[in-house]
Amino acid sequence: MKRRFDPVGVVSDDEVEHIHNASLEVLSDIGMEFLHPKALSMWADAGAKVDDTRVRIDPELICELVAHSPAEFTLHAPDPARNVVIGGNNVVFAAVASPPNSSDVAGGRRTGNREDFRRLVMLSDVINAVHTHGGYPVEPTDIHSSIRHLEATRDLLTLSNKAVKCYSLGAQRNRDVLEMVRIVRGVTDDELDTQTSLQTIINTSSPLRLDTPMLEGIMELSSRNQLVTITPFTLAGAMAPVTVAGAVVQQNAEALAGIAFAQLVRLGAPVMYGGFTSNVDMRSGAPAFGTPEYMQAAMLGGQMARRYNLPYRSSNACAANTVDAQAAWESAFSLWGAVMGGANFVLHGLGWMEGGLCASYEKMVIDADLVNTVSLWMQPVETGADAFGLDAIAEVGPGGHFFGAAHTQARYRDAFFEPMVSDWRNFESWEEAGSPTAREKAAELVPQLLDQHEPPDLSDDVMAELNDFTERRIAEGGVETDF
């Protein structure tokens with residue numbers, strides 16, 4: 001997708017500078033915790049003030065490091081036709097990632113498992129509104145956590161040829177997934193280091209902390225020229241100040257600290273500025289999404305990312321508990337804030353429910369219609385002489401209709417988007433068809449879409465190498481866990 005218009009801001013350029021300066025003040029005076037000895041040593045060598053785990057960074061050092069971040073780069077997929085460009089006016093969508101539960105009309109709500117994981121990967125592969133994988137579409141909790149990354153990544157790479165993401169839950173997981181991606185892409189280590197092929201999301205432990213697994217993720221992937229997206233988890237009133245401006249000041253400080261550290265690891269390493277600020281229900285503490293505050297924060301986050309000439313990540317989120325009108329309007333508002341705010345990468349773009357606690361099959365299909373509607377809305381309006389339709393108006397004349405006009409027929413197939421779920425029949429024909437709701441229509445489409453899935457055509461040599469590596473690492477026990 002290409003954004004054909006300028007993103008919209010919610011504050012003035014002067015106010016952007018005020019937020020920028022306030023964020024730098026937070027980092028220089030209050031500081032940020034880095035819970036990893038190597039990270040602390042690297043900051044000390046760079047000239048930052050290190051006191052135990054607290055790092056205070058001068059504004060000049062932050063700005064100098066962030067300035068090395070690339071404004072645009074390619075994320076390479078196993079199939080080059082699935083490569084995506086991050087940055088500029090490009091807009092890339094990924095499906096929901098990491099919920100612990102999944103749901104559909106047929107089976108109800110259930111704990112994440114490998115069967116649902118595989119089916120949601122296949123659905124994500126078939127749906128053209130999903131441009132790249134944002135992680136596990138549901139957590140396959142029936143695979144032990146010590147080897148889950150191995151089995152899940154093998155499934156991702158053998159069921160889809162879109163680019164994948166790894167979870168930064170310790171250095172070895174990153175190394176394993178890097179090797180699996182290298183095998184499937186058929187490149188050398190040196191080639192992989194020049195071709196960004198893997199991404200990870202680095203969430204700060206707001207307020208003002210980066211923990212050991214996240215820092216290891218930055219060090220492992222940035223050192224190999226792979227993509228890290230620094231995304232503070234700043235919920236206003238809970239993990240950040242209750243005002244939108246205050247929450248974004250903290251978001252910006254945390255994002256800048258993570259991005260600067262990625263550049264400390266390797267100058268020029270690809271990064272994205274992640275925005276995920278929203279508000280909470282102050283009665284329960286539950287996150288709220290698709291709210292006016294979420295939209296404002298998404299658009300303001302985009303302004304801050306553009307201030308540093310960085311690609312911007314946002315999300316299509318909702319807090320609804322079922323696929324209903326609330327889910328639709330909260331997602332529509334989330335998408336509006338993301339796209340109008342200048343997002344280059346929309347994580348959780350399809351299928352997110354319950355504030356991220358559930359991946360819904362039907363919601364993924366409905367969101368595909370939303371995303372494809374956004375895609376066509378972003379296309380340029382045809383304004384050439386023929387587009388004015390003067391010949392068609394003359395052909396039809398007063399009192400006629402344009403259905404059969406040559407001007408109409410020439411454009412019919414390309415001009416109209418026929419969504420999968422929306423039903424544009426009149427009431428009588430809709431009622432005669434059984435009065436399907438959007439959720440019911442989506443439920444009918446899910447098995448039809450899954451039947452269309454075809455796995456990537458990997459060579460026998462690639463499959464053998466991938467399986468040999470995966471089985472060897474599984475036999476070695478994967479990674480250490482606490483349980």
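This is a short walk through a predicted model, stop by stop, with something to select at each one.

**Stop 1: the largest pocket**

Start by selecting Ala97, Ser98, Asn203, Phe233 and His348, the residues nearest the centre of the largest pocket. The space here comes to about 540 Å³, and 28 residues line it. Now colour by element: β10 (198-204), α8 (212-223) and β18 (345-350) each give two or more residues to that lining. The largest share, four residues, belongs to β10. If you colour by residue class instead, you should get 15 nonpolar, ten polar and three charged.

Stay on His348 for a moment. This histidine is found in strand β18, and its phi is positive, about 60°, although it is not a glycine. Most residues other than glycine have a negative phi. Is His348 buried or exposed? At 8% relative accessibility, it counts as buried.

**Stop 2: just past β10**

Next, pick Ser206 and Pro207. A cis peptide bond joins the two, with omega at about 5°. Pro207 itself is in the loop between β10 and β11 (209-210).

**Stop 3: the cavity**

How many cavities of 30 Å³ or more does a search of the whole structure find? The answer is one, with a volume of about 40 Å³. To see its walls, select Gln251, Gly275, Phe276, Thr277, Tyr294, Ala297, Ala298, Tyr312 and Ser314. Two elements, α10 (292-307) and β17 (312-315), give two or more residues to this lining, and α10 has the largest share with three. By class, the wall splits into five nonpolar and four polar residues, with no charged ones.

While you're here, click on Asn309, in the loop between α10 and β17. Asn309 is another non-glycine residue with a positive phi, near 60°. Its relative accessible area is 51%, so Asn309 is exposed.

**Stop 4: salt bridges**

Switch on side chains for this one; the model has 25 salt bridges. Try these three pairs:

- Glu139 and Arg148 meet at 2.9 Å, N to O, and both residues are buried.
- Glu179 and Arg182 meet at 2.8 Å. Both lie in helix α6 (residues 171-185), three residues apart, or about one turn of the helix. Arg182 counts as buried, at 15% relative accessibility.
- Glu471 and Arg154 form a salt bridge whose closest N and O atoms are 2.8 Å apart. Glu471 lies in helix α17 (residues 460-475) and Arg154 in helix α5 (residues 148-159), so this pair ties together parts that are 317 residues apart in sequence.

Check the accessibility of that last pair, too. Glu471 counts as partly exposed at 40%, whereas Arg154 counts as buried at 11%.

Now widen the selection to Arg114, Arg118, Glu151, Arg154, Asp155 and Glu471: salt bridges that share partners join them into one network.

**Stop 5: a nonpolar patch**

Finally, turn on the surface and select Phe388, Leu390, Ile393 and Phe402. Together, these four make a nonpolar surface patch of about 440 Å². Where does Phe402 lie? Look in the loop between α13 (390-396) and α14 (406-415). With 38% relative accessibility, Phe402 counts as partly exposed.

How values were computed
Residues are numbered from 1 along each chain as its sequence is written. This is a predicted model: local features need pLDDT of at least 70, side-chain atom pairs count only at pLDDT 80 or more; totals for chains, interfaces and linings use all residues. Side-chain values use heavy atoms; hydrogens and water are left out. Patches are made of residues with over 30% relative accessible area and no salt bridge: like charges are joined within 9 Å, nonpolar side chains (Val, Leu, Ile, Met, Phe, Trp, Tyr) within 5 Å. Accessible areas come from the Shrake-Rupley method with a 1.4 Å probe; for residues, only the protein chains shown count as cover. Buried means under 20% relative accessible area, exposed over 50%, partly exposed in between (1.4 Å probe, protein chains only). On a 1 Å grid over the protein atoms alone, a cavity is a set of points where a 1.4 Å probe fits but cannot get out, and a pocket is an open set with protein on both sides within 12 Å along at least five of seven lines; lining residues have an atom within 4 Å of a point. Grid points are joined across faces, edges and corners, and a volume is the space filled by probe spheres set on the points. Ala, Val, Leu, Ile, Met, Phe, Trp, Tyr, Cys and Pro count as nonpolar, Asp, Glu, Lys and Arg as charged, and the others, Gly among them, as polar.
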